[in-house]
Each structure stands twice: as C-alpha cells, then as structure tokens.
Amino acid sequence: MVGGGHNGLVAAAYLARAGRRVQVLERLDHVGGAAVSAHAFEGVDARLSRYSYLVSLLPRRIVEDLGARVRLARRRYSSYTPDPETGGRTGLLIGPSSTFGAIGADADETGFDEFYQRARALTSRLWPTLLQPLCTRYEARTQVGDDAAWRSIIDEPIGHAITSAVSNDLVRGVMATDALIGTFARLDDPSLTQNICFLYHLLGGGTGDWDVPIGGMGAVSGALAAAATGHGAEIACGADVYHIDPDGQVCYRRDGREHRVNATHVLANVTPTVLAALLDEPAPDQAPGAQVKVNLMLRRLPRLRDETVGPEQAFGGTFHINETYRQLDTAYTRADHGVVPDPLPCEIYCHSLTDPTILSDELRASGAQTLTVFGLHTPHSLIKTGDPGRMRDTLTSAVLNSLNSVLAEPIQDVLMQDAAGRLCIETKTTVDLEHALGMTAGNIFHGALSWPFAEDDEPLDTPARRWGVATDHDRILLCGSGSRRGGAVSGIGGHNAAMAVLESSR
C-alpha cells in the first residue's frame with residue numbers, strides 16, 4: 001500500500017481482515033493524508049481539521065465492517081446566506097424553520113423542495129451501488145427509474161435545472177454551490193464537470209447530509225488506522241516510496257536506508273500523476289484544483305448585520321457568502337481571466353458549535369469557536385503564476401474581505417492571537433496541498449471526478465475494471481480519490497480496491 005491516507009487505511013483493514021499480509025508505506029510521519037487534525041496555532045489548544053472537514057460519503061457499512069470507532073454529528077441547520085443586495089441585513093436560513101420570505105423568495109420554497117425531492121429519487125438509488133462493481137450507464141438509469149431526475153442531473157447542465165426550479169438569484173446560488181466546490185467550471189458548462197461534482201455532493205447516504213466528525217478529521221483517520229492495525233496490517237510512517245515496478249516491486253527509503261519489497265498487488269493511494277512518476281511513465285492529463293481554505297480561531301462568533309438570525313443559527317450549518325448565481329458566474333469569469341474574484345464566493349462552517357470536543361475546557365468556557373472558510377473559483381493556474389507567499393496573502397485578504405462584507409463587525413476584531421501574538425489565521429492554497437500532501441495541482445479529488453457508473457461501451461472484463469480501480473498494470477491498482485467513485489472522505493476507493501484484489505485471487 002503506497003500512501004496512508006484514509007482510503008489506504010480502509011483498503012489495508014479490509015485486506016488484513018481477509019487474511020492478507022498488508023504493509024502501508026506512508027511518506028509523512030503520520031497517517032491520514034488530508035483527513036487529519038492539528039494544533040494549527042501556537043499555544044492554542046484546539047485540534048482543527050486542517051484540510052478536509054466534513055463527512056458525507058463515508059458509508060456506514062465500511063465503518064461497521066471494520067469495527068472503526070467513527071462518530072458523526074448532524075448539524076442543526078442546513079445553511080444561512082446573507083443577501084448581498086441588502087448588505088447582509090436580510091438572509092435565507094434553511095433548516096427547521098426556513099426564511100425564504102425574508103429575501104422575498106416565498107414563491108421559490110416549493111420549487112426548492114421539489115428540486116431536492118427529485119434529486120433524492122436519483123441519489124437514493126445510486127448510493128448503494130458505490131460499494132458494488134460498476135454498473136453501466138444504462139443499468140444506472142434503469143435502476144433510478146426517474147427519467148426527469150436523470151435528465152436534470154446527469155444529461156443536461158445543472159444550471160438549467162436550477163434556474164427552471166427557482167427564480168431568486170440568491171436561492172439559485174445556494175443550490176449551485178454544490179456543483180462548484182473544488183471544481184472550476186460554469187454552471188452551464190457542456191462538459192457537465194459541474195454536474196458530476198453536484199451529484200457527489202448530494203449522493204452521501206442517498207440524502208446528501210454532510211456531518212461533523214466528532215473529535216475532528218484526525219479522529220476519523222485514527223479510528224481507521226486502529227482498525228487496520230487491529231486486523232493485522234503493518235503501517236510504516238516515514239517511508240518515502242521513490243519507485244514502483246509494474247511487476248510489483250516497491251522501492252522506498254526509511255531511516256536513511258534503502259528498502260525493496262515485492263507484492264502480489266500494489267495499491268496506490270496517490271494521485272494518478274504521482275503514480276505515473278513512480279512508474280517512470282509520462283504524466284497523464286489531470287484537472288487542477290480550484291479552492292482556497294482558511295482556518296480561523298475566534299474569541300467568539302462575530303455579530304451579523306441580520307438581526308433576525310443569531311450567530312449560532314447562522315454558523316450552525318453552512319454559511320454562504322457572496323454566492324448568488326450571478327456572483328458565482330462573475331467570479332468564474334474574473335478567475336478565468338487571471339484575476340482573484342472580488343467579492344470572493346465563500347462558504348463557512350463552524351466545527352466547534354456542533355462538536356466542542358476539539359477545544360480545551362478553557363477555550364470552551366471562554367466562548368471560543370473555530371471557523372473554516374472555503375473559497376471558490378481560485379484555480380491553481382491563478383495561484384501558481386505568482387509568488388506563493390504573496391498569493392496566499394492576497395487570497396487570505398480576499399476571504400476576510402468577503403466575510404466582512406456581511407458582518408456587523410470586522411472578523412479581525414474577534415480573531416484570537418497565538419502565543420507569539422499573531423492572529424490565528426491559517427491559509428491553505430492549491431500550491432500548499434501539492435507540496436504538503438502530494439495532491440497534484442492542488443486538486444482535492446486527485447483529478448477530475450467521474451460518473452459513479454461506467455459508460456455502456458466501457459470494458460469491465462477484469463476485477464480492477466469492474467471495481468473502477470484499474471491502471472495499465474494488472475498488479476497495480478488505484479485505491480484513493482483518483483479511482484472511479486473516489487473523492488472526499490469516503491473510504492470507497494479503498495474498499496473497492498480491496499474488493500478487486502480479493503476477487504482476483506478467488
């Protein structure tokens with residue numbers, strides 16, 4: 001196993017449980033990849049989910065199969081979106097008591113609900129197939145059995161379905177953001193890249209709920225690592241793999257020494273581009289990433305301009321900022337022309353409101369909170385062209401300015417300071433992801449997402465192809481987010497690679 005991210009740990013646990021001898025080789029001094037927690041700020045006792053932050057696509061079956069102690073918590077609200085037309089003095093809260101009327105969108109509430117009911121007709125039927133061999137497009141459409149839902153989400157640009165369902169620009173934007181997280185595309189893009197992203201954001205559990213991992217993302221990876229070693233897998237950190245032979249030999253360095261190991265199968269929990277380099281093969285075309293993530297530590301939640309909504313409500317779900325449909329389209333155009341969008345579309349989540357266990361007792365008592373801000377339409381091409389440090393500062397300012405445009409007080413006024421007196425702000429760009437985690441071009445999905453089914457003429461004649469984990473070499477399989485049906489913290493790539501190995505040995 002090359003790479004000890006969460007998918008590699010899932011694959012290792014399944015194979016070890018089946019009696020296979022498994023060794024995980026991880027370059028870093030810890031496992032988890034992007035699913036880790038860290039004390040990001042000096043002297044501040046808070047364990048922030050440093051990169052990935054919410055869980056939707058991790059099937060309960062994987063957790064139960066492996067006996068992993070993963071706990072998730074449901075957020076009370078779905079989202080809150082201040083209306084930029086009123087400077088944030090009104091907004092849309094979606095949850096137990098939604099407020100469409102507050103933004104003059106009463107007429108859209110029915111269309112909004114019907115849109116997601118139609119989507120669930122598709123996602124509830126596709127969700128169980130993710131832990132099965134790939135079905136074909138025809139089989140998937142037959143299983144869904146709802147031609148209208150299939151057309152609106154699979155066949156036509158998702159922007160068409162959204163604009164047909166509702167008319168308010170802000171409501172349209174709230175719906176559209178799921179098509180753009182980490183994906184640089186327009187909502188009417190004929191490639192349908194945005195549709196695939198949208199589907200995965202609504203697919204988890206068949207409902208699309210995104211939950212908070214109790215203890216942070218590090219607790220998820222820790223539970224999966226414990227399951228893997230508990231079933232007998234060996235995990236070696238600080239093992240830097242530098243070459244893989246197609247015949248199954250893996251070369252790595254550890255503790256200043258060269259090592260070689262021969263395997264019947266090599267599972268690669270790295271991007272397809274990284275794998276190609278390890279095989280001394282040409283790099284494949286790979287879609288770049290398109291996001292920036294900013295972690296903040298606050299003394300308290302900031303006050304809002306919208307006096308009808310409390311901060312605990314607004315930050316209790318996903319907080320959308322400057323993400324109307326028109327703003328999203330304008331931001332894409334600016335970024336496509338090499339300019340940082342202004343205002344930058346962002347969304348925020350507050351882990352500590354749902355799960356305060358990531359904070360020390362002292363921080364909890366003080367009212368401190370964490371915020372994670374995810375900026376859209378910041379493609380890798382925009383970031384890599386300049387000085388990385390300067391671009392990081394530029395994007396940080398863009399995020400804070402966007403946030404301040406809807407607050408009643410500057411976010412800087414409620415930021416904590418670390419032990420050295422620095423404001424508690426940590427920014428991670430696509431360049432940072434590439435350098436720290438080996439995520440090629442900072443793509444959080446390890447490349448372009450693909451439909452969770454095979455095309456009708458696609459060969460499914462080997463276990464690896466049937467499970468969507470094949471490479472050009474029989475003994476080498478993808479097991480990470482770069483596999484079919486990969487992406488996000490799901491473990492699905494790891495599960496499916498393990499199933500392909502076990503099927504091939506029958």
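This passage walks through selected helices, salt bridges, cysteines and backbone outliers in a predicted model.

Helix 1 is a good place to start. It covers residues 6–17, and its 12 residues should span 16 Å at 1.5 Å a residue; the end C-alpha atoms are indeed 16 Å apart, so expectation and model agree. Burial is the other notable thing here: 11 of the 12 residues of helix 1 are buried, so the rest of the structure largely encloses this helix. The buried set runs through His6, Asn7, Gly8, Leu9, Val10, Ala11, Ala12, Ala13, Tyr14, Leu15 and Ala16. What do these residues pack against? Their partners are strand 1 (23–26), helix 2, helix 9 (217–230), strand 8 (234–237), strand 12 (266–268) and helix 19 (492–504). Just past the end of helix 1, the backbone at Gly19 adopts a positive phi of about 95°.

Turning to charged pairs, the model has 21 salt bridges. One of them joins Glu426 to Arg50, with the closest N and O atoms 2.4 Å apart. Glu426 sits in strand 17 (residues 425–428), while Arg50 is in the loop between strand 3 (48–49) and helix 2 (60–66), so this pair ties together parts of the chain 376 residues apart in sequence. The two ends don't see the same surroundings: Glu426 is buried, at 9% relative accessible area, whereas Arg50 is partly exposed, at 21%.

A more local example is the salt bridge between Asp155 and Arg137, where the closest N and O atoms are 3.7 Å apart. Here helix 5 (residues 147–155) supplies Asp155 and helix 4 (residues 137–144) supplies Arg137, so the pair ties together parts that are 18 residues apart in sequence. Asp155 is partly exposed, with a relative accessibility of 33%. This pair doesn't stand alone, either: Arg137, Arg141, Asp147, Asp155 and Glu455 are linked in a network of salt bridges.

Another salt bridge brings Arg326 and Asp169 together, with an N to O distance of 3.7 Å. It links distant parts of the chain, since Arg326 belongs to helix 12 (residues 325–336) and Asp169 to helix 7 (residues 169–176), 157 residues apart. Is each partner buried or exposed? Arg326 is exposed at 54% relative accessibility, and Asp169 is buried at 14%.

The same two helices also meet through other residues. On the helix 7 side, the contacts involve Asp169, Arg172, Gly173 and Ala176; on the helix 12 side, they involve Tyr325, Arg326 and Leu328. The helix axes come within 6 Å and cross at roughly 60°, which is why helix 7 and helix 12 count as oblique to each other. Also in helix 7 is Val174, a buried residue with 8% relative accessible area. Leaving aside residues up to four places away in sequence, Val174 touches Ser79, Thr81, Leu92, Ile94, His320 and Glu323. The C-alpha atoms of Val174 and Ile321 are 9.6 Å apart, although 147 residues separate them along the chain.

On the cysteine side, things are quick: there are 0 disulfides. For Cys237, the nearest cysteine sulfur belongs to Cys479 and is 15 Å away, well short of a bond given that a disulfide needs the sulfur atoms within 2.5 Å. Cys237 is partly exposed, at 24% relative accessibility. Cys350 is likewise in no disulfide, its nearest cysteine sulfur being that of Cys424, 14 Å away. Cys350 is buried, with a relative accessible area of 2%.

Finally, a few backbone oddities deserve a mention. Most residues other than glycine have a negative phi, and most peptide bonds are trans. Asn322 departs from this with a positive phi of about 50°. It lies in the loop between strand 14 (318–321) and helix 12, and is buried at 5% relative accessible area. His446 also has a positive phi, near 65°. This residue falls in the loop between helix 17 (430–437) and helix 18 (463–466), and its relative accessible area of 11% makes it buried. As for the peptide bonds, the one from Asp342 to Pro343 is cis, with omega near 5°. Pro343 is in the loop between helix 12 and strand 15 (346–349).

Key: Residues numbered from 1 in each chain as written. Predicted model: local features only at pLDDT ≥ 70, side-chain atom pairs only at ≥ 80, totals over all residues. Heavy atoms only, no water. Salt bridge = Lys/Arg side-chain N within 4 Å of Asp/Glu carboxyl O. Helix = DSSP H or I, 4+ residues; strand = E, 2+ residues; numbered from the N terminus. Buried < 20%, exposed > 50% of the residue type's maximum accessible area, 1.4 Å probe, protein only. Contact = heavy atoms within 4.5 Å. Expected span 1.5 Å × (residues − 1). Axes fitted to C-alpha atoms, helices over the stretch in contact; angles between N-to-C directions. Parallel < 35°, antiparallel > 145°, perpendicular 65-115°, else oblique.
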